[in-house]
Amino acid sequence: MSAYSLELAEFSIAAIAITAITAYAIYWTLNESPISRWLHDSDAVVPSFLSITSFIFGLAISTLAGNSFDRHQHAITNLITETSAIELIVSTATALPNQDQLQISSAVKNYVSAVIDKEWPAMQSNDASKRDIALPEFLALNKIVNQIAFQPNQRGAIQEQLLSAIATIRHDRQIRRSIAFDNDHISKWPSIPVFSFLLLLSVGIVHLGSIKAMKVSLSIASVCVIMSAVFLFISISPYRGWNPVEPLKLQNSLQRLEAIKQST
């Protein structure tokens with residue numbers, strides 16, 4: 001079992017346990033606690049509360065789901081932009097002397113390989129301690145690009161393209177790491193446990209007149225809460241889950257870089 005599958009299983013078990021305990025606590029409070037008689041006497045005035053809490057819970061879930069979808073699309077756009085900048089450096093290097101071209105090609109290869117082999121696995125495993133693992137290779141690429149761009153008598157068009165491309169890579173690196181490591185923890189969803197509790201509570205209150213109906217309704221509502229939380233957990237990071245963003249375009253850039261080197 002992969003680390004992500006184990007983490008998903010642990011989260012699912014925790015969600016099931018917490019939801020089951022909460023549902024039973026609500027059931028006990030409504031039917032066996034000292035205040036249960038008072039609650040049963042007031043059941044006629046509370047059914048409309050269910051529609052309010054259901055709306056709030058659904059709104060919270062849909063908002064978080066939409067935010068997760070936006071992050072996924074943003075991650076794809078970010079990858080395309082970074083890859084385009086890398087390919088711009090590679091294509092610009094073909095107009096440089098052989099020594100400069102070899103330096104840039106080597107630095108690009110080292111950087112892209114570091115992102116694919118070291119940085120991407122860190123994003124997939126949510127290992128924030130390795131968020132800068134490819135930084136040395138980027139700094140090396142940045143240094144070489146700047147040295148070549150600011151050479152005496154360097155053509156203005158070449159300089160502009162190299163500096164623009166490296167600035168784009170620097171910017172998109174920051175965005176990619178922020179998407180991967182800064183918005184990926186369940187603790188950032190305080191609304192989910194709060195609204196889940198309110199939903200289960202209102203479901204129990206609405207069915208004060210029938211204990212059997214309360215058991216069934218609480219069970220169904222609990223399953224809905226658990227499944228919503230699990231699906232949100234799966235989609236919280238665009239670099240993990242069932243449909244993760246993969247560095248395929250970066251791998252294609254490496255292939256094109258090798259093709260250019262062989263043709264020169």
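Visitor: Is M227 buried, partly exposed or exposed?
Guide: In this predicted model, M227 lies in helix α8, which covers residues 211-235. Buried means under 20% relative accessible area and exposed means over 50%, with partly exposed in between. Because its relative accessibility is 38%, M227 counts as partly exposed.

Visitor: Which residues form a nonpolar patch on the surface with M227, and what is their accessible area together?
Guide: Residues in such a patch have over 30% relative accessible area, and M227 has 38%. The patch consists of M227 with V223, F231 and W242. Together these four side chains' residues have an accessible area of about 450 Å².

Visitor: What elements make up the protein, and in which order do they run?
Guide: The protein contains zero strands. From the N terminus on, the elements therefore read as helices throughout. The order is α-α-α-α-α-α-α-α-α, and the number of helices is nine.

Visitor: What distance should helix α7 span, and how far apart are its end C-alpha atoms?
Guide: Helix α7 comprises 16 residues, 191-206. The expected span is 1.5 Å times one less than the number of residues. For α7 that gives 22 Å, which agrees with the distance between its end C-alpha atoms, 22 Å.

Visitor: Which residues of α7 are buried?
Guide: A residue counts as buried under 20% relative accessible area. In α7, the residues that are buried are I192, S196, L199, L200, S202, V203, G204 and I205.

Visitor: Which residues have the most contacts inside the largest nonpolar core, and which helix supplies the largest share of this core?
Guide: The largest nonpolar core has 39 residues, and those with the most contacts inside it are I89, I104 and V108. Helices α3, α4, α5, α6 and α9 each supply at least two residues of this core. The largest share, eleven residues, comes from α4.

Visitor: How many residues does the other core have?
Guide: This other core lies apart from the largest one. Among its residues are I26, W189, I205 and V225. Its size is 19 residues.

Visitor: Which residues does I89 touch, not counting those up to four places away in sequence?
Guide: Contact requires heavy atoms within 4.5 Å. With residues up to four places away in sequence left out, I89 touches I104, V108, V145, L162, A165, I166 and I169.

Visitor: Is N142 buried or exposed, and with which residues is it in contact beyond four places in sequence?
Guide: N142 lies in helix α5. Because its relative accessibility is 14%, N142 counts as buried. Leaving aside neighbours within four places, its contacts are I166 and R170.

Conventions
Residues numbered from 1 in each chain as written. Predicted model: local features only at pLDDT ≥ 70, side-chain atom pairs only at ≥ 80, totals over all residues. Heavy atoms only, no water. Patch = residues over 30% accessible without salt bridge, like charges linked within 9 Å, V, L, I, M, F, W, Y side chains within 5 Å. Areas by Shrake-Rupley, 256 points an atom, 1.4 Å probe, with all protein chains shown as cover. Helix = DSSP H or I, 4+ residues; strand = E, 2+ residues; numbered from the N terminus. Buried < 20%, exposed > 50% of the residue type's maximum accessible area, 1.4 Å probe, protein only. Core = buried A, V, L, I, M, F, W, Y, C linked by side-chain atoms within 4.5 Å.
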